[in-house]
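Q: I've just opened a new structure and I'd like to learn how to read its empty spaces and its ligand. Could you walk me through them?

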Amino acid sequence: MDYKLITEQLSALSEGVTSRVTVLSNASALLYHSLGRLNWCGFYLFDGKDLILGPFQGRTACVKIPLGRGVCGTAAATGKTQNVPDVHKFAGHIACDGASNSELVIPLYVGGALYGVLDIDSPEYCRFSQEDEEGITSFARLLTDIIGKTEKEII
Ligand code: SME
């Protein structure tokens with residue numbers, strides 16, 4: 001996977017965009033269609049208490065995840081990326097889409113504060129290699145830089 005290319009595409013797509021929803025929506029579509037072998041890709045955003053469903057690609061998903069719950073809540077609560085090769089072996093995994101077998105969740109910070117998580121699910125076991133994790137982490141870093149520069153706080 002050419003992570004440099006998709007990171008450049010995110011940059012180009014976000015140029016002059018002041019809406020966070022717009023940036024996140026295109027970021028989820030870009031990842032979903034570029035990476036392949038996924039069944040869900042999107043964002044849960046931290047409202048100060050819970051993680052709330054944000055822009056995504058895939059089937060409808062649970063709308064709220066408490067910190068510390070599931071793979072997403074664990075990433076958000078610990079600040080550590082969760083690369084889970086088999087979600088059925090992850091204690092507390094929340095099954096939104098029964099097709100998911102592996103999952104990568106990267107916590108996102110804007111201005112040093114928890115902003116949310118990037119959640120990517122695959123029907124394949126062990127879908128995300130070390131190289132994928134590093135590439136998607138770079139993508140997420142650029143994304144949070146862009147989000148930090150947007151003018152609007154809410155949308
Ligand atoms: N599986 C996630 C819940 C979100 S869905 O995958 C979209 C979790 O355990 O946190």
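A: Sure, we'll go through the cavity, the ligand, the pocket and one loop residue. Keep in mind that this is a predicted model.

Q: Let's start with the basics. How does anyone find empty space in a protein?

A: Rolling a probe the size of a water molecule over the atoms shows where empty space is left. In this structure, that search gives one cavity of 30 Å³ or more. Its volume comes to about 120 Å³.

Q: Which residues line the largest cavity, and which of them are closest to its centre?

A: There are 15 lining residues, and I94, C96, E103, D119 and D121 are the ones closest to the centre. For the bigger picture, look at the elements: β1, α3 and β6 each give two or more residues to this lining. The most comes from α3, which gives three residues.

Q: How do the residues of that lining divide by character?

A: Eight are nonpolar, three are polar and four are charged.

Q: Now the ligand. Where does the ligand sit?

A: Right in the largest cavity. A handy way to read a ligand site is to list its neighbours. Here 13 residues surround the ligand, and V71, C72, I94, E103 and D121 come nearest.

Q: Which elements supply at least two residues of the shell around the ligand?

A: Those are β1 (40-46), α3 (70-78) and β6 (113-122). With three residues, α3 has the largest share of the shell. By character, the shell holds eight nonpolar residues, two polar ones and three charged ones.

Q: What polar atoms lie by the ligand's own oxygen and nitrogen atoms?

A: Take them one at a time. C72 uses its backbone: a polar atom there is 2.8 Å from an oxygen atom of the ligand. D121 uses its side chain, where an N or O atom is 2.9 Å from a ligand oxygen. Then there's H93, with a polar side-chain atom 3.4 Å from a nitrogen atom of the ligand.

Q: How much of the ligand does the protein bury?

A: On its own, the ligand would expose 310 Å², and the protein buries 99% of that.

Q: What about the open spaces? What is the volume of the largest pocket?

A: The largest pocket has a volume of about 160 Å³. Two elements give two or more residues to its lining, namely β5 (102-110) and α4 (130-149). If you want to find the pocket on screen, its lining residues include G79, T81, I106, Y109, T137 and R141. That lining divides into five nonpolar residues, four polar ones and one charged one.

Q: One last feature: the loops. Where is D47 found?

A: D47 is in the loop between β1 and β2 (50-58). With a loop residue, it helps to check what its side chain reaches. A polar atom of the D47 side chain lies 2.8 Å from the backbone nitrogen of K49. That side chain also reaches the backbone nitrogen of D50, at 2.7 Å.

Q: And how far apart are the C-alpha atoms of D47 and Q82?

A: They are separated by 21 Å, with the two residues 35 apart along the chain.

Terms used. Residues are numbered from 1 along each chain as its sequence is written. This is a predicted model: local features need pLDDT of at least 70, side-chain atom pairs count only at pLDDT 80 or more; totals for chains, interfaces and linings use all residues. Side-chain values use heavy atoms; hydrogens and water are left out. On a 1 Å grid over the protein atoms alone, a cavity is a set of points where a 1.4 Å probe fits but cannot get out, and a pocket is an open set with protein on both sides within 12 Å along at least five of seven lines; lining residues have an atom within 4 Å of a point. Grid points are joined across faces, edges and corners, and a volume is the space filled by probe spheres set on the points. Helices (H or I, at least four residues) and strands (E, at least two) are DSSP runs, numbered from the N terminus. Ala, Val, Leu, Ile, Met, Phe, Trp, Tyr, Cys and Pro count as nonpolar, Asp, Glu, Lys and Arg as charged, and the others, Gly among them, as polar. A residue is near a molecule or strand if one of its heavy atoms lies within 4 Å of it. A polar contact is a pair of N or O atoms within 3.5 Å; within protein, one must be able to donate a hydrogen and the other to accept it, and residues adjacent in sequence count only if both atoms are side-chain atoms. Accessible areas come from the Shrake-Rupley method with a 1.4 Å probe; for residues, only the protein chains shown count as cover. A molecule sits in a cavity or pocket if more than half of its atoms lie within 2 Å of its grid points.
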